[in-house]
Amino acid sequence: MKIGRKRVSLLLSALLLASSFYFVPTETAYVQAAKEKENPSAKAFDQKVIARVDAERIYQDIYHLSETIGPRVTGTQEEKQAAEFIKSRLESYGYKIETQEFKIPDQMIGSLTADGKEVDINIPAGSAATPKEGLTLPLFDAKLGKPEDFTAEAVGKIALISRGEFTFQEKVANAAAAGAAGVLIYDNVDQPGPLNPSIGGDTTVPVGGISKASGLALLNDFVPEGKTVTFTVEKLGSATSQNIIATRTPNKGSDHDIVHVSAHFDSVPFAPGANDNASGTSVALELARILKSYPIDKELRFVFVGAEEIGLVGSEYYVSQLSQDEINRSIANFNMDMVGTDWDKATAIFMNAVDGKANLVSDTALATAKRIGTPSELILYQRGSSDHVSFHDAGIPAINFIRREPGTANLEPYYHTPQDTIEHISKERLQEAGELVGASIYSLIGK
Ligand code: BES
Ligand code: ZN
């Protein structure tokens with residue numbers, strides 16, 4: 001084999017020396033291809049990472065975050081407990097760690113009582129508060145909440161609106177414009193746990209989300225007779241959240257390019273968040289363990305993000321604290337969010353880009369997948385909705401890795417429900433995500 005290669009290069013050298021101008025392009029391409037073949041370093045780099053990805057370890061970390069700690073709602077003790085867990089893991093790997101604490105917008109907590117019974121309710125950020133004693137008022141059936149769904153009857157009542165067709169924000173705006181005193185939005189699909197509507201900005205009326213079953217029960221039992229419900233929304237001020245940042249810089253030099261690896265560790269209320277996003281968090285922890293020991297020529301930062309679920313607050317804060325120089329040196333953001341579902345239809349790994357366009361991160365992942373033979377299809381897709389948005393907005397090439405159903409782009413049915421538990425986590429898919437993202441990162445930073 002060696003002799004063969006030597007012969008080829010001897011031949012090529014002779015050709016190059018003797019050749020006319022026309023030969024050059026073909027030969028150059030040939031030489032490059034031959035060089036790549038001869039140079040096994042990309043594959044050797046891959047092996048250094050993928051041989052060490054341990055799905056069992058990732059699974060155990062997901063177990064701790066989602067089962068032992070449970071729902072990690074932004075600003076709560078459980079979110080802080082998760083941050084502490086991540087920090088101690090990273091410390092045990094020997095990283096330099098920064099805890100970045102930041103204020104979060106005032107959180108709203110609420111309750112809904114109907115016939116003396118508590119109805120599970122989510123209050124979105126931005127909702128107005130009620131008086132302390134709450135609103136005790138009859139309901140108005142506002143159907144989908146279109147402007148024409150409201151009559152004079154709606155004035156001073158709590159509008160009961162179905163999810164669907166257009167945004168929660170528009171529904172709330174229409175209800176407020178029609179003079180409703182409050183808004184309850186009920187789900188249009190059967191899901192355990194109340195709906196968690198995000199309504200964009202601040203509203204003038206109190207807003208809550210409830211399940212389809214709760215909504216239909218109110219519609220049938222309360223609306224016809226004009227029975228009242230009691231709805232309270234209270235503001236919880238001065239709560240904080242935090243990002244945990246682990247950094248590794250090359251031994252020599254300064255001014256290195258920076259690769260940011262991010263995953264949020266908070267969850268929505270009522271959801272243990274095993275897939276969203278203990279999965280991405282735990283894969284990132286595993287990559288931190290593996291990548292701790294290898295020589296690198298770029299700066300590596302693991303950013304464990306809090307307060308994602310209330311509107312990307314943690315990642316926006318992280319990016320806001322980067323200097324212009326750090327932003328200029330930032331070449332990539334690998335964001336992992338929901339990479340471990342066992343839902344059988346989520347056969348593809350979507351690479352969500354805010355602008356839907358290929359960038360260094362998606363190109364690197366595609367090349368890596370080809371080399372290592374990633375079993376799942378990789379699909380470049382236009383979507384925000386996770387922390388890659390904050391990096392993208394700062395001009396950093398960013399991709400969110402997430403499992404979805406090809407064609408429909410559907411997420412698993414457990415998303416943002418109490419069923420997002422460890423039972424629906426696939427070790428094979430954790431392994432796949434760890435290998436793909438880990439080998440991709442290492443192909444950029446390894447030396
Ligand atoms: N992990 C989810 C969902 C997600 C990410 C959905 C990427 C689709 C693509 C994320 O935590 C989430 O729920 N995001 C919110 C928006 C966010 C700005 C609060 C969403 O999609 O509703
Ligand atoms: Zn998420």
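Student: By class, how many residues of the shell around ligand 1 are charged?
Tutor: This is a predicted model, where local features need pLDDT of at least 70, side-chain atom pairs count only at pLDDT 80 or more, and totals for chains, interfaces and linings use all residues, while side-chain values use heavy atoms and leave out hydrogens and water. Residues are numbered from 1 along each chain as its sequence is written, and chains are lettered from A and ligands numbered from 1 in the order in which they are written. Ala, Val, Leu, Ile, Met, Phe, Trp, Tyr, Cys and Pro count as nonpolar, Asp, Glu, Lys and Arg as charged, and the others, Gly among them, as polar. The shell has five nonpolar and eight polar residues, and its charged residues number six.

Student: Which strand gives the largest share of the shell around ligand 1?
Tutor: Glu308, Asp337, Arg404, Tyr415 and His416 come nearest among the 19 residues around ligand 1, where near means having a heavy atom within 4 Å. Strands are DSSP runs (E, at least two residues) and helices are runs of H or I (at least four), numbered from the N terminus. The largest share, three residues, comes from residues 398-404, which form strand S15.

Student: How much of ligand 1 does the protein bury?
Tutor: Polar side-chain atoms of Asp337 and Arg383 approach the ligand, the former lying 2.8 Å from a nitrogen atom and the latter 3.4 Å from an oxygen atom. An N or O atom in the side chain of His264 is 3.3 Å from an oxygen atom of ligand 1. Taken alone, ligand 1 exposes 500 Å² (Shrake-Rupley method, 1.4 Å probe), and the share of this that the protein buries is 85%.

Student: Is Arg301 buried or exposed, and what is its relative accessible area?
Tutor: Arg301 has its place in strand S11, which covers residues 299-305. Buried means under 20% relative accessible area, exposed means over 50%, and partly exposed lies in between (1.4 Å probe, protein chains only). Arg301 is therefore buried, as its relative accessible area is 8%.

Student: Which residues join Arg301 in one network of salt bridges?
Tutor: A salt bridge places a side-chain nitrogen of Lys or Arg within 4 Å of a carboxyl oxygen of Asp or Glu, and Arg301 forms one with Glu299, with their closest N and O atoms 2.8 Å apart. Both Arg301 and Glu299 are buried. Through shared salt-bridge partners, Arg301 is joined into one network with Glu299, Asp325, Glu326 and Arg329.

Student: Lys235 forms a salt bridge with Asp106; how many residues apart in sequence are the parts that the pair ties together?
Tutor: In this salt bridge the closest N and O atoms are 3.8 Å apart. Lys235 lies in strand S8 (residues 228-236), whereas Asp106 lies in the loop between strand S1 (96-103) and strand S2 (107-114), so the pair ties together parts whose separation in sequence, in residues, is 129.

Student: What is the relative accessibility of Arg57, which meets Asp54 in a salt bridge?
Tutor: The side chains of Arg57 and Asp54 meet at 3.8 Å, N to O. Asp54 counts as partly exposed because its relative accessibility is 28%. Arg57 also counts as partly exposed, because its relative accessibility is 34%.

Methods: A polar contact is a pair of N or O atoms within 3.5 Å; within protein, one must be able to donate a hydrogen and the other to accept it, and residues adjacent in sequence count only if both atoms are side-chain atoms.
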